[in-house]
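User: Hi! I have a structure open on my screen and would like to talk through its salt bridges and one of its helices. Could you take me through them?

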Amino acid sequence: QERYIAQAVESALAQTGIELDILISDDCSPDGTFDVIKATVDDYRGPHQISINRNPRNLGLIGHINSLLERTENEHIILAAGDDISVPERARAVMQAFEARPCDLVHSNVEEIGVDGAVLDMQPTRALFHRTTDLARSAVGLGLYIGATGAIHRRLFERFGALPQGTYEDLIFG
């Protein structure tokens with residue numbers, strides 16, 4: 001994700017209307033991702049608290065997410081991967097959704113972009129919750145929401161514990 005990480009980090013740093021504790025973590029990438037992360041946050045002087053982490057060995061997607069959830073104590077956790085670019089209002093809108101009614105998961109709309117930065121024709125069938133919230137169908141769905149848009153309340157992780165290996169967060173959290 002070296003190609004996209006600067007934009008992803010910059011979009012996290014550019015969140016408006018709310019002060020955040022931002023943890024940027026690299027799962028021991030073999031490329032220059034961590035160097036790009038460090039260079040991107042080096043001169044940051046905004047309202048957010050920033051910390052960076054680099055795992056000494058690669059934990060894989062779920063292992064990495066589990067380690068981050070165990071590391072933070074925040075009540076709400078807004079997730080983003082190294083190729084996810086958030087609009088500046090994302091964190092504020094997510095927090096407003098959490099405040100509007102008690103829930104364990106918030107997800108939002110998404111625009112899929114190509115390598116050239118152009119918005120692609122999004123296929124709404126990729127995430128099941130865009131079509132239905134039927135529990136029987138959801139239980140066997142392969143993707144309940146698009147993980148790039150997900151945010152969870154800590155109690156979801158505390159209630160069910162670590163995510164099982166061999167799955168995806170946008171299936172298990174949903």
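The questions and answers below go through salt bridges first and then a helix.

User: Glad to start. How many salt bridges does the structure hold?

Analyst: Happy to help, and please keep in mind that this is a predicted model. Side chains of opposite charge can pair when their charged atoms come close. In this structure, the number of salt bridges is 3.

User: Which strands does the salt bridge between Asp26 and Arg54 tie together?

Analyst: The side chains of these two residues meet with N and O 3.1 Å apart. Asp26 is buried, with a relative accessible area of 2%, while Arg54 is partly exposed at 37%. Because Asp26 and Arg54 sit in separate strands, the pair joins parts that are 28 residues apart in sequence: strand E1 (residues 21-26) and strand E2 (residues 49-54).

User: Is Asp104 buried or exposed?

Analyst: The cut-off matters here: buried means under 20% relative accessible area. Asp104 has 17% relative accessibility, so the residue counts as buried.

User: Which residues are joined into one network by salt bridges that share partners?

Analyst: Arg155, in helix H6 (residues 154-160), meets Asp104 in a salt bridge of 2.5 Å, N to O. Arg159 forms a salt bridge with Asp104 too, with the closest N and O atoms 3.1 Å apart; this pair links helix H6 to the loop between H4 and E4, 55 residues apart. Through the shared partner, the network is made up of Asp104, Arg155 and Arg159.

User: Leaving aside neighbours within four places in sequence, which residues is Arg155 in contact with?

Analyst: Arg155 counts as partly exposed, at 30% relative accessibility. The C-alpha atoms of Arg155 and Cys103 are separated by 9.6 Å, although the two residues are 52 residues apart along the chain. With those sequence neighbours set aside, the contacts of Arg155 are Pro102, Cys103 and Asp104.

User: Now for helix H4. Why do its buried residues lie on the same side?

Analyst: The buried residues of H4 (residues 90-100) are Arg90, Ala91, Val94, Met95 and Phe98. They lie on the same side of H4 because the arc they cover around the axis is only 125 degrees.

User: Which residues are exposed on the other side of H4, and which strands help cover the buried ones?

Analyst: What covers the buried residues of H4 includes strand E3 (76-78), strand E4 (105-106) and strand E5 (151-153). On the other side of H4, the exposed residues are Glu99 and Ala100.

Key. Residues numbered from 1 in each chain as written. Predicted model: local features only at pLDDT ≥ 70, side-chain atom pairs only at ≥ 80, totals over all residues. Heavy atoms only, no water. Helix = DSSP H or I, 4+ residues; strand = E, 2+ residues; numbered from the N terminus. Buried < 20%, exposed > 50% of the residue type's maximum accessible area, 1.4 Å probe, protein only. Contact = heavy atoms within 4.5 Å. Arc of directions from axis to C-beta. Salt bridge = Lys/Arg side-chain N within 4 Å of Asp/Glu carboxyl O.
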